[in-house]
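Below are my notes for your review. They go point by point through charged pairs, helix packing, backbone angles and cysteines.

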Amino acid sequence: MPDASSLAAQAYARLCDALVMLDIGPGEPIREADLAAEFGIGRTPLREALKRLESEHLVVSYPRRGTFASQVEIADLVDISEMRMILEPLAARRAAACQDPQRLAELEALAAEAGAINRDGADGSGADEHGESGGSGESGSGGSGGGADEHSAGTGVDARALLEFDTRVHRAIYAAAGNRHLTETLIRLDNLATRIWCMLALRLRRVPQHVGEHVELLGAILDHDGERAAELAAAHVSHFETMVRTALNAGEL
């Protein structure tokens, strides 16, 4: 039987994914009894997971009121981007020095996927510039969240798959960087940025093209060109902030 720490880690992973992808919507209550029953675990490991999620600003607890999914603070984008502009290039530069065959094979596979996404965006089969959002996801808390619709209207684009792919690329780069503390910090920041992305869902323009930027970034890493990788990582963060601001300025939220 798994020990309490293992159960807490499993609960954390499941809840983190649901909170980041907004399957558990902002402000939604986290019902411990329902989640414990769904996950098949006790309250103790679940509470350990929630404590960790609270430290990462994904949930918030109030005395005598309970625990809730945190609000998505788009105003935090500036602070999040400021940190990522420093740390993402560092991670990319370190990843370019990676010699681990397993890590490199993972990056090569992701580069191939990114190339396919880039081609789809270029030929018009990617998300259109004014896709609609508004879908809901289900969670163990019993409510519906504001997660990205799986398909944009009329395009057949799987927006959630794009978001999840973007996350996989970032996680692979962080892992290849080989610095646990850097990885943990970047994952927390990337989770908060992804929540903002999910809040805007398919309203963001040029999402496949943005994800397709990973082609050059991964290529630079695989070429062991650290400076080029760092430059592209910084540009990717900057482009994301610009994309969000463009959507907000257009009144699309």
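**Notes on the predicted model**

1. The salt bridge to look at before the others joins the side chains of Arg171 and Asp190, at 2.8 Å from N to O. Arg171 lies in helix α6 and Asp190 in helix α7, so this pair ties together parts that are 19 residues apart in sequence. Arg171 is partly exposed, at 22% relative accessibility, whereas Asp190 is buried, at 2%. Please keep in mind throughout that the model is predicted.

2. The structure holds 15 salt bridges. Another of them pairs Arg43 with Glu32, with an N to O distance of 3.7 Å. Arg43 belongs to helix α3 and Glu32 to helix α2 (residues 32–39), so the bridge ties together parts that are eleven residues apart in sequence. For Arg43 the relative accessible area is 37%, which means partly exposed. Glu32, at 17%, counts as buried; the cut-off for buried is under 20%.

3. A salt bridge also forms between Glu184 and Arg180, whose closest N and O atoms are 3.4 Å apart. Both residues sit in helix α7, and because they are four residues apart they are separated by about one helical turn. Glu184 is partly exposed, with a relative accessible area of 35%, while Arg180 counts as exposed at 54%. Elsewhere, salt bridges that share partners join Arg84, Glu88, Arg171 and Asp190 into one network.

4. Arg84, a member of that network, is found in helix α4 (residues 77–95). Its relative accessible area is 3%, so Arg84 is buried. Leaving aside neighbours within four places in sequence, Arg84 is in contact with Pro89, His170, Leu189, Asp190, Ala193, Val237 and Phe240. One of these contacts, Asp190, is also the partner of Arg171 in the bridge of point 1.

5. Which charged residue is buried yet has no salt bridge? Asp166 fits that description, and the nearest side chain of opposite charge, Arg84, is 5.8 Å away. A salt bridge would need a side-chain nitrogen of Lys or Arg within 4 Å of a carboxyl oxygen, so the pair does not qualify. Asp166 is placed in helix α6 (residues 159–177). Beyond its neighbours within four places in sequence, Asp166 is in contact with Trp197, Val211, His214 and His236. His is not counted as positive here, so His214 and His236, though in contact with Asp166, do not enter the search for an opposite charge. A reader who wants to treat either histidine as charged should keep that convention in view.

6. On helix packing: helix α7 (residues 180–200) and helix α10 (residues 226–249) pack at an angle of about 35 degrees, and their axes are 11 Å apart. The crossing of these two helices, α7 and α10, is left-handed. On the α7 side the contact is made by Ala193, Ile196, Trp197 and Leu200, and on the α10 side by Phe240, Val244, Ala247 and Leu248. Some of these residues appear above: Ala193 and Phe240 are among the contacts of Arg84, and Trp197 is among those of Asp166.

7. Two backbone angles deserve a look. Most residues other than glycine have a negative phi. Leu22, which is not a glycine, has a positive phi of about 65 degrees. Leu22 is in the loop between α1 (4–20) and β1 (29–30), and counts as buried at 0% relative accessibility. His57 is likewise not a glycine and has a positive phi of about 65 degrees. His57 lies in the loop between α3 (43–55) and β2 (59–62). At 55% relative accessibility, His57 counts as exposed.

8. Last, the cysteines. How many disulfides does the structure hold? The count is zero. Cys16 is buried, at 8% relative accessibility. Cys198 is buried as well, with a relative accessible area of 0%.

Note on methods:
Residues numbered from 1 in each chain as written. Predicted model: local features only at pLDDT ≥ 70, side-chain atom pairs only at ≥ 80, totals over all residues. Heavy atoms only, no water. Buried < 20%, exposed > 50% of the residue type's maximum accessible area, 1.4 Å probe, protein only. Contact = heavy atoms within 4.5 Å. Disulfide = S-S within 2.5 Å. Axes fitted to C-alpha atoms, helices over the stretch in contact; angles between N-to-C directions. Left-handed = near helix turned anticlockwise from the far one by under 90°.
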